[in-house]
There are 2 protein chains.
Amino acid sequence: MKWDELEEEPCSMARTIGVIGDRWTLLILRECFLRTRRFEGFQSALGITRHLLAERLKKLVRQGVLRRIPYQESPKRHEYILTQKGLDLYPIMMALVHWGDTHMVDERGRPLLHQHRKCGKNFDPVMVCSECGEPLLAKEVHTHPGPGARAPSERISRDKPAKPKTRKQAA
Amino acid sequence: MKWDELEEEPCSMARTIGVIGDRWTLLILRECFLRTRRFEGFQSALGITRHLLAERLKKLVRQGVLRRIPYQESPKRHEYILTQKGLDLYPIMMALVHWGDTHMVDERGRPLLHQHRKCGKNFDPVMVCSECGEPLLAKEVHTHPGPGARAPSERISRDKPAKPKTRKQAA
DNA sequence: TCATACAGTTCTAAAATTGAACTGTCAAAT
DNA sequence: ATTTGACAGTTCAATTTTAGAACTGTATGA
């Protein structure tokens, strides 16, 4: 599977991954949300090679996640600013941070705290159902094909139904 | 930056990316949430090379995201099951899907609908503040260093304060 | 005996990433 | 007038990853 094929998969997650699903891109986006806007800023904050940084920024601009805006003439200089499409990545960023806060902190605790302007408190992000407002648990969600689903015949096979025949003892 | 260094960064997002931040790993996890459990199941659903699949599964097991459980003796066969740590990735998956649903669908509409058992409706995931329950907007969140932050002197520089000196006209 | 299911491992070729140097414009300092 | 430094890239060889295909080995059923 080539990476531009990802964007044509009938799967919203695959398409998202096609746009932001690599390590450097995610780190670049972290910096965007931390208000970094310029080439040198990204480069020195991340230690990414200039080559890759240039390429990733181009891709994010092409995808409409960042906008390249001139801030100075001669020599022409540009800032990279999140578009609305980019700002909409915020829940993904927060979800990543929260999982790290939950499962990857050391004895010292969280590297970063988040404060909600509206209520003034440090918070964790919680994902809830848009319809009833209850927190979402994987077990309580059922998926079914939507209008953009691939026809059943095209669908990729999953595990066989485990037709148990006579196998020597499952453990 | 090497990839195991990522996990030692004082940043929860970087650490999370160190565990799940590559394209195949994310797709493997999608399959896990869609109930795929076995090597062949992942391989045929994703078209990933067997080599990479084996490696990624090993890493996810090492990281405690998946557990490798025997389901058959001779030949020994195992299933890969999400641990609680793995199940906790659900908000990340849903956030990825939701962004794709919002920004990457074609005319045909969403490939997959999600139904919440509790309320019976198809829903979108919404990220809210754990303290006040309001939806989170990037603009309304302030970050500040937590106990696990790197000492200020070690901190990486961001853009210069744009000391405007006398430059020829910003556009 | 032969074909098939399953879960890998091994190998080479192709692609992506790293690291370092280089380009070019302009401002400020010497 | 010349040098230095900031900035935003581009170029290129060397290394690392990934892709693609074949191979290993146990066991079942035909």
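**Figure 1. B:Arg35, an exposed residue with an unusual backbone angle.** In this predicted model, B:Arg35 counts as exposed because just 11 C-beta neighbours fall inside 10 Å, and a residue is called exposed at 12 or fewer. You'll find B:Arg35 in the loop between α3 (23–33) and α4 (39–46) of chain B. Now look at the backbone: B:Arg35 has a positive phi of about 80 degrees, although it is not a glycine. For background, most residues other than glycine have a negative phi.

**Figure 2. The loop between β1 and β2 in chain A, with its cis peptide bond.** Zoom in on the place where A:Ser74 meets A:Pro75: the peptide bond joining them is cis, with omega at about -5 degrees. As a rule, most peptide bonds are trans. A:Pro75 belongs to the loop between β1 (66–72) and β2 (77–82) of chain A, and A:Ser74 has its place in the loop between β1 and β2 of chain A too. Is A:Ser74 buried or exposed? A:Ser74 is exposed, with 8 other C-beta atoms within 10 Å. Its phi is positive, near 35 degrees, and A:Ser74 is a residue other than glycine.

**Figure 3. The β1–β2 hairpin of chain B.** Here β1(B) and β2(B) pair up in the antiparallel sense, held in register by six bridges. One pair to pick out is B:Leu66, whose bridge partner in β2(B) is B:Leu82. The two strands make a hairpin with four residues between them. B:Ser74 sits in the turn and has a positive phi of about 35 degrees. A cis peptide bond links B:Ser74 to B:Pro75, with omega about -5 degrees, and B:Pro75 lies in the loop between β1 (66–72) and β2 (77–82) of chain B. While you're looking at strands, keep in mind that in a regular strand the side chains alternate between the two faces of the sheet.

**Figure 4. Helix α5 of chain A and the glycine after it.** Does a helix end up as long as a ruler would say, and what span should you expect for α5 (residues 50–62) of chain A? Its 13 residues, at 1.5 Å a residue, should span 18 Å, and the end C-alpha atoms are indeed 18 Å apart, so the two agree. Just after α5(A) comes A:Gly64, which takes a positive phi of about 80 degrees. If you trace a helix by eye, remember that an α-helix has 3.6 residues a turn, so residues three or four places apart point the same way.

**Figure 5. One whole chain, for orientation.** Chain A is built from seven helices and five strands. Going along the sequence, the pattern is α-α-α-α-α-β-β-α-α-β-β-β. Of its 171 residues, 31% count as buried. Among the contacts in chain A with a separation of 6 or more, 30% come from residues 24 or more positions apart.

**Figure 6. Two chains related by a two-fold axis.** Turn chain A by 180 degrees, with 0.0 Å of shift along the axis, and it superposes on chain B with an RMSD of 0.0 Å. That is the relation of a two-fold axis. The same surface serves both copies, with 100% of the contact residues of chain A recurring in chain B.

**Figure 7. Where the chains touch.** Chain A and chain B each put 93 residues into the contact. On the side of chain A that touches chain B, helix α7 (residues 90–103) gives the most, with 13 residues. Sorted by class, that side has 45 nonpolar, 24 polar and 24 charged residues.

**Figure 8. A core with residues from both chains.** The largest nonpolar core has 60 residues. Which residues have the most contacts inside it? They are A:Ile92, A:Met93 and A:Leu96, together with B:Ile92, B:Met93 and B:Leu96. Follow B:Leu96 across to chain A and you'll see it touch A:Met13, A:Thr16, A:Ile17 and A:Ile92.

**Figure 9. Strand β4 meets strand β4, and A:Arg117 reaches chain B.** Strand β4 (residues 125–129) of chain A runs antiparallel to strand β4 (residues 125–129) of chain B, and five bridges join them. For example, A:Pro125 has B:Cys129 in β4(B) as its bridge partner. A:Arg117 lies in the loop between β3 (112–116) and β4 of chain A. A:Arg117 is exposed, with 12 other C-beta atoms within 10 Å, yet A:Arg117 touches B:Glu140, B:Val141 and B:His142.

Notes:
Residues numbered from 1 in each chain as written. Chains lettered and ligands numbered in written order. Predicted model: local features only at pLDDT ≥ 70, side-chain atom pairs only at ≥ 80, totals over all residues. Least-squares fit on C-alpha atoms with pLDDT ≥ 70 in both. Contact = placed C-beta atoms within 7 Å. Buried ≥ 20, exposed ≤ 12 C-beta atoms within 10 Å, placed from the backbone. Core = buried A, V, L, I, M, F, W, Y, C linked by C-beta atoms within 7 Å. Expected span 1.5 Å × (residues − 1). Nonpolar A, V, L, I, M, F, W, Y, C, P; charged D, E, K, R; others polar. Pairing = 2+ DSSP bridges.
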